[in-house]
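Hi everyone, thanks for coming. I'd like to walk you through a model I've been looking at, so please bring it up on your screens.

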Number of protein chains: 2
Amino acid sequence: MNKNNTTTDKHRSSAAITLDNVAKIAGVSAITVSRAINTPDKVAPETLKKVREAIDKTGYVPNLLAGGLASRSSKLIAAIVPSIANLVYSSTIRLFSKSLSKAGYQVILGDSGYPEVLEEELVRTILSRRPDGIFLTGVDHSPSCRNLLLAANIPIVETWDLTPSPLDIVVGFNHMDVGHAVAKFILSKKYNKVGFVTANDARALLRQRSTLEILSQSGVSDIYATTVPAPTSLEYGRIGAKQIIEEGFDSGVIFCTSDTLAQGVLAEIQSRNISIPDTIAVIGFGDQVFAAHTYPALTTVRIDRERIGQEAADALLARIQKRPVKNKIIDIGFSIIEREST
Amino acid sequence: MNKNNTTTDKHRSSAAITLDNVAKIAGVSAITVSRAINTPDKVAPETLKKVREAIDKTGYVPNLLAGGLASRSSKLIAAIVPSIANLVYSSTIRLFSKSLSKAGYQVILGDSGYPEVLEEELVRTILSRRPDGIFLTGVDHSPSCRNLLLAANIPIVETWDLTPSPLDIVVGFNHMDVGHAVAKFILSKKYNKVGFVTANDARALLRQRSTLEILSQSGVSDIYATTVPAPTSLEYGRIGAKQIIEEGFDSGVIFCTSDTLAQGVLAEIQSRNISIPDTIAVIGFGDQVFAAHTYPALTTVRIDRERIGQEAADALLARIQKRPVKNKIIDIGFSIIEREST
DNA sequence: TTGAAAGCGATACCAC
DNA sequence: GTGGTATCGCTTTCAA
């Protein structure tokens with residue numbers, strides 16, 4: 001007794017419809033209703049029909065808090081991104097969520113872009129929901145974070161970067177390679193002056209440094225560089241461009257560590273009536289898609305963001321379902337999309 | 001017995017640390033540990049210290065599935081948006097999440113932008129997590145959706161639109177008013193030809209219709225309109241602009257139902273070497289922020305997206321904490337930001 | 001201030 | 001194919 005929601009409940013009262021209510025109405029046991037919902041083929045067609053009618057009649061909505069607790073599987077996947085308000089990450093997450101929802105999982109998001117919230121705190125909060133897997137952005141985590149993550153004993157996928165020693169699985173690309181490839185591109189075009197508008201972000205700085213490395217090795221020394229705060233915005237692109245132009249940069253190429261910055265840089269150059277790309281060319285990063293369509297003057301480094309989401313989802317699902325994981329290190333690469341003509 | 005995680009467990013085994021483990025180590029009862037975590041001021045300082053040490057030593061992470069089940073409060077707030085990959089919504093959600101996380105709530109997102117997933121299905125899935133409140137985008141819901149939502153018996157906030165009969169609380173602005181205001185602006189500038197690039201979305205279409213209504217009343221009849229698929233993109237902006245220009249639109253103003261579309265329209269006009277805004281002026285919508293900074297030629301309708309998130313969070317929290325809700329209908333208004341000079 | 005016992009609503013295990 | 005019973009890990013209630 002006390003299983004039905006009558007007012008005679010000794011301790012708590014509840015108006016919500018439960019599995020037991022449905023079971024009683026259908027004239028079967030609770031576990032049968034559970035099976036009818038989760039594994040319908042293990043239930044006789046007639047029983048199934050009765051149960052479905054009872055569910056419809058009552059408007060029953062399963063309680064996944066209870067289900068997750070009992071089955072030790074929350075059907076929740078956590079994802080930690082620097083900012084959902086950044087298209088670069090949100091488009092990845094969108095495909096990630098979509099793939100997972102097909103398999104019956106929901107994604108719960110954590111935003112690591114607030115400096116006032118410690119990453120460890122965020123991970124802790126997220127882990128308290130007992131996700132069945134976790135998606136991380138980047139491969140740098142504090143030791144206490146690593147411990148928390150490892151102790152959770154769930155599949156982990158790190159993304160947007162590569163490391164020889166992932167926590168579990170990693171899906172990304174090599175930022176140093178990007179820098180080197182951009183440097184080679186710049187050299188091939190024989191630009192004699194090179195500007196940098198770089199976001200203050202570990203991976204962006206790495207891309208800039210590696211570009212610079214090759215350039216200086218090749219004797220290109222007319223460099224104008226500025227660092228702007230993350231997250232990137234068109235506004236900071238304008239500001240950055242303004243700075244290096246005022247420092248004396250008047251021709252050549254500007255490498256921006258994001259397409260958003262690049263757009264701002266383009267706007268600043270346009271507003272000064274400087275010809276693009278003849279006098280100043282611009283290179284972006286990250287493939288905001290529209291770049292290629294609307295700004296033919298912009299060369300950019302294309303990253304297949306959807307693929308990151310897809311591969312991350314696939315790898316996580318494989319792990320959860322204990323299927324073999326093909327690769328623990330998935331390099332999705334990148335490509336330089338050259339747009340010079342107008 | 002069977003409360004500790006030994007291998008003698010009759011039914012299930014578990015490696016995870018539980019409240020009981022911590023309690024045993026701290027030499028107190030489980031409920032005391034629970035209090036130490038949730039209501040530390042109801043626990044003696046000495047006891048608190050012992051408990052905290054035990055938590056640190058074990059690396060205990062509370063299980064909110066269990067906590068939520070027992071307390072009938074998941075500390076989860078659901079939000080349904082058309083697309084997280086759309087800055088307009090993601091910036092609202094970001095502030096919404098931030099405000100709620102300060103109060104100890106986490107946001108779980110549902111993406112309603114996939115036509116193959118029924119809204120009702122999505123709401124059902126979300127409700128199975130037993131959120132303590134729900135954020136909806138728009139005020140149009142199918143009857144079955146309304147029933148589900150109402151049956152859940154939790155605070156609801158509808159956003160991005162207004163209605164005299166909200167499900168619970170509504171935070172938004174009047175799209176018809178926007179259309180009328182834009183029409184008046186257009187009339188005041190005495191444009192004789194008006195183009196429309198409109199997304200195929202209920203609220204966008206409403207803004208367009210209401211603009212048109214006033215214009216035709218005032219005798220402006222040289223109209224060129226095209227509808228492009230949602231979600232909006234720069235690419236569709238270009239396509240839309242191309243269409244109406246090819247239909248014969250050669251001067252005047254184009255009203256785009258989003259700033260993203262407006263950017264594409266601007267790019268198309270620029271590529272044709274048409275002067276902006278002298279020959280063709282462009283009006284956007286939604287305040288992508290950068291519009292004002294980088295495209296001085298673009299007039300736009302500014303919506304305080306962050307405020308929507310803030311007000312929605314505040315209202316929901318008030319309801320949950322059973323504090324009085326000041327207004328059930330919150331009109332955040334809008335403003336036209338005119339940028340004509342270059 | 002602390003604790004014992006009884007749930008919360010579901011699923012796992014084992015029988016039938 | 002179906003059901004009984006014992007949990008899952010936590011909080012509520014009530015009592016000390």
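Let me start with one definition, since I'll lean on it throughout: two residues are in contact if their C-beta atoms, placed from the backbone, lie within 7 Å. And please keep in mind that this is a predicted model.

With that in hand, have a look at helix α10(A). This helix lies across β6, β7 and β8 of chain A, and runs at about 150° to β7(A).

Now the sheet underneath. In which order do the strands of this chain A sheet come? There are six of them, arranged as β7-β6-β8-β9-β10-β12 in an open sheet with mixed pairing. At the edges you'll find β7 (223-228) and β12 (335-337) of chain A, and each of these pairs on one side only. From one strand to the next, the twist averages 15°. If you'd like a spot to zoom in on, try β9 (280-283) and β10 (298-302) of chain A, which run parallel and are joined by two bridges. There, I283(A) has T299(A) of β10(A) as its bridge partner. A further helix, α9 (202-217) of chain A, also packs on this sheet, where it touches β6 (194-199), β7 and β8 (252-256) of chain A. The direction of α9(A) makes about 160° with that of β6(A).

Let's zoom out to the whole of chain A. It has 13 helices and twelve strands. Is the chain compact or spread out? Its radius of gyration is 26 Å, whereas the globule rule gives 20 Å for 342 residues, so chain A is more spread out than a compact globule. The box filled by its C-alpha atoms fits with that picture: roughly 85 × 40 × 40 Å along the principal axes. Of its 342 residues, 47% count as buried. And if you take the contacts in chain A with a separation of 6 or more, 65% of them come from residues 24 or more positions apart.

On to where the two chains meet. How many residues does each chain put into the contact? Chain A gives 42 residues and chain B gives 42 residues. On the chain A side, the elements that supply two or more residues are α4 (64-71), α5 (87-102), β2 (106-111), α6 (119-127), α10 (234-246), α11 (259-271) and α12 (290-294). The largest share, seven residues, comes from α5(A). For those of you who think in side chains, this side of chain A divides into 19 nonpolar, 15 polar and eight charged residues.

You can see the neighbouring chain at work from chain B as well. In helix α6 (119-127) of chain B, the buried residues are V123(B), T125(B), I126(B) and L127(B). What covers them includes β2 of chain A, along with β1 (76-81), β2 (106-111) and α7 (143-152) of chain B.

Staying in chain B, here is a nice pair of helices. The axes of α2 (30-38) and α3 (45-58) of chain B are 10 Å apart, and the helices pack at an angle of about 95°. They are therefore roughly perpendicular to each other. From α2(B) the contact uses T32(B), V33(B) and A36(B), and from α3(B) it uses T47(B), L48(B) and V51(B). Those residues divide into four nonpolar, two polar and no charged.

Chain B has an open, mixed sheet too, with six strands in the order β7-β6-β8-β9-β10-β12. Its edge strands are β7 (222-228) and β12 (335-337) of chain B; each has a single partner strand, so one side of each is left without a neighbour in the sheet. Strand β6 (193-199) of chain B runs parallel to β7(B), and seven bridges join the two. Within that pair, A199(B) stands opposite V228(B).

One last residue, then: D161(B). It sits in the loop between β4 (156-159) and β5 (169-172) of chain B. Is D161(B) buried or exposed? D161(B) has 20 other C-beta atoms within 10 Å, so it counts as buried. Leaving aside neighbours within four places in sequence, D161(B) is in contact with G138(B), V139(B), G172(B), H175(B) and R203(B).

That's my tour, and I'm happy to take questions.

Note on methods. Residues numbered from 1 in each chain as written. Chains lettered and ligands numbered in written order. Predicted model: local features only at pLDDT ≥ 70, side-chain atom pairs only at ≥ 80, totals over all residues. Helix = DSSP H or I, 4+ residues; strand = E, 2+ residues; numbered from the N terminus. Nonpolar A, V, L, I, M, F, W, Y, C, P; charged D, E, K, R; others polar. Axes fitted to C-alpha atoms, helices over the stretch in contact; angles between N-to-C directions. Parallel < 35°, antiparallel > 145°, perpendicular 65-115°, else oblique. Pairing = 2+ DSSP bridges. Buried ≥ 20, exposed ≤ 12 C-beta atoms within 10 Å, placed from the backbone. Rg over C-alpha atoms; globule rule 2.2 N^0.38 Å.
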